[in-house]
Amino acid sequence: MVHSSVSADSPSGDIGVAVCGVNGRGGSHLAAFMKEPRTVVNVIVDIDEAVGQKRASEVEREQGKRPVVISDVREAVQRDDVKVVSCATPNHWHALIGVLAMQNGKDVYLEKPISHNVQEGSALVAAAKKYGRMLQTGTQCRSSTACQDAVEFIKSGGIGEVKFARGLCYKRRKSIGALGDYEIPEQVDFDLWSGPATLTDPKLTRQRFHYDWHWQRHYGNGDLGNQGPHQTDIARWGLGVNVQPNSILTYGGRLGYQAERNDPNYVDAGDTGNTEVSIYDYGDKCIVFETRGLSVDNSDDDEINKLFGFKKGNKIGVIFYGSDGYLAQTSYGSCEAFDKNMNSIKKFGHQSKYGDGFNLNDDHFMNFLDAVQTRDASVLHADANTGHLSASVSHLGNISYYLGEDNKVSPDELKQQLASVKSLDDNIETANRTLKHLTDNGVDLDKYPVSLGPLLKFDPETEKFLNNDQANELLTRQYRDGFEVPAPADV
């Protein structure tokens, strides 16, 4: 088929692609590029030789040409047969791959979060501008016609004045195993896998090598930074917020796994919060993001349950609170508006703009390729700055949590301090729901209290915290020699 934005005589397969990190989400990248006639997958980059070769065989069967498999992305970005670099590696590699690719004249599709810390996001924005490259963030809801139409409905006054949005990641995550010293898989090049991240001692402290890095802050960003960027991005979009927040506060913890394992001495290998509430003040607007990793079945969140239409199971989405009603994004491809009495008034569903056989995941890749061919960054649904701002929401929330991790508070102390925190939410009601969720999951709050992070003031222009050196140190990280992500001014 011919896309509306592409010339009919555009040569087939003229855009060579390198896909980096193909064990998990990278499989979706490969599927999209193999489906699209404008692209050919010439290179697979993975530090696990077995994974890379397996994917290469899949690609060969589909496109008739076997891609080259290499382990070092620094080699891939210099190849003449690569015009696009698509990245689905662990988070700590995202920004370096993006910057290196753009410095070498490549366009980039970069999974969310596009950065592991705030300064990396700024570097990507600077690189895209300096080198005139297309960078698409993998927040595919930006290509969802359901979300696009819902945001237009909000902006047209469909639920009245809207100043507050709540993002939800009620997503069951079991413990990842005890903190320990584990053997690195034989086929993995751990030096390259670590890349920008300094080596720890012991090197591998989790049982499952792949995927569970998400829950170790040295490499990942927890579910606030894994699932969260999808929902915080939609929240910002619907509110029309295109700046960093003025202040941030997070409370929560990595709680409940002692009860889950019936072992009071259990120490999980993960060190990111599995339960977090983050409050972001944008002046006249506000976003609250709630992360829950324990069982979310049959929760007592009556208003949320009504808007989602069920009690049992995961709830991942965004709720916009208007003066005349509500709008809930309940999946990537569906949204629904309600009046003030929670009666449904309008539903929104996704329809691919590219024709039959294409889905939301494909649409976002196709939008990226449209920008690659037209050399028009305004075509992108989720450009570098969009990805940077939405990733920063997660990073800033986590910084408050990390700095307050040792500040354990009782439920009464928590609510007493939240009462004075500026927010458009009912801070106490949200705290009560969160605490009830924890106790319902067997958490003894006397023995395992929540942590309350500091209220951090942030300057959206300079992207620095005010009068807090500790917090500013966490805006970047220590890099290994040879794997440094340059500062924005140095890209």
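Mentor: Let's begin with a term: a cavity is a set of grid points where a 1.4 Å probe fits but cannot get out. The model here is a predicted one.

Trainee: How many cavities of 30 Å³ or more does a search of the whole structure find?

Mentor: One. The largest cavity has a volume of about 70 Å³, and that value is over the 30 Å³ used in the search.

Trainee: Which residues line the largest cavity?

Mentor: The lining consists of Lys171, Arg173, Trp215, Asp223, Arg254, Tyr257, Thr272, Gly273, Asn274, Thr291, Arg292 and Gly293.

Trainee: What makes the class split of that lining what it is?

Mentor: Trp and Tyr count as nonpolar, so Trp215 and Tyr257 are the two nonpolar residues. Asp, Lys and Arg count as charged, and there are five charged residues in the lining. The other five, Gly273 and Gly293 among them, are polar.

Trainee: Now the helices. Why are H1 and H2 described by the orientation they have?

Mentor: Helix H1, residues 26-35, and helix H2, residues 49-63, pack at an angle of about 15°. Angles under 35 degrees count as roughly parallel, and H1 and H2 are therefore roughly parallel to each other. Their axes lie 11 Å apart, and H1 passes H2 in a right-handed crossing.

Trainee: Which residues make the contact?

Mentor: H1 brings Gly27, Leu30 and Met34, while H2 brings Arg55, Glu58, Val59, Glu62 and Gln63. By class, three are nonpolar, two polar and three charged. Gly counts as polar, so Gly27 belongs with the polar residues here.

Trainee: What makes a space a pocket rather than a cavity?

Mentor: A pocket is an open set of points, whereas the probe in a cavity cannot get out. The largest pocket holds about 680 Å³ of space. It is lined by 34 residues, and Arg25, Ala88, Thr89, Pro90 and Trp213 are the closest to its centre. Helix H4 (91-103) and helix H7 (190-194) are the elements giving two or more residues to this lining, with H4 supplying the largest share, four residues. The lining divides into 14 nonpolar, 13 polar and seven charged residues.

Trainee: And which residues are closest to the centre of the second largest pocket?

Mentor: That pocket, with about 510 Å³ of space, has 28 lining residues, and Arg254, Val267, Asp268, Gly270 and Asp271 are the closest to its centre. The classes there are 11 nonpolar, eight polar and nine charged. You have met Arg254 before: it also lines the largest cavity.

Notes. Residues are numbered from 1 along each chain as its sequence is written. This is a predicted model: local features need pLDDT of at least 70, side-chain atom pairs count only at pLDDT 80 or more; totals for chains, interfaces and linings use all residues. Side-chain values use heavy atoms; hydrogens and water are left out. Axes are lines fitted to C-alpha atoms, for helices over the stretch in contact, and angles run from 0 to 180 degrees between N-to-C directions. Angles under 35 degrees count as roughly parallel, over 145 as roughly antiparallel, 65 to 115 as roughly perpendicular and the rest as oblique. A crossing is left-handed if the near helix is turned anticlockwise from the far one by less than a right angle, and right-handed if clockwise. Contact means heavy atoms within 4.5 Å. On a 1 Å grid over the protein atoms alone, a cavity is a set of points where a 1.4 Å probe fits but cannot get out, and a pocket is an open set with protein on both sides within 12 Å along at least five of seven lines; lining residues have an atom within 4 Å of a point. Grid points are joined across faces, edges and corners, and a volume is the space filled by probe spheres set on the points.
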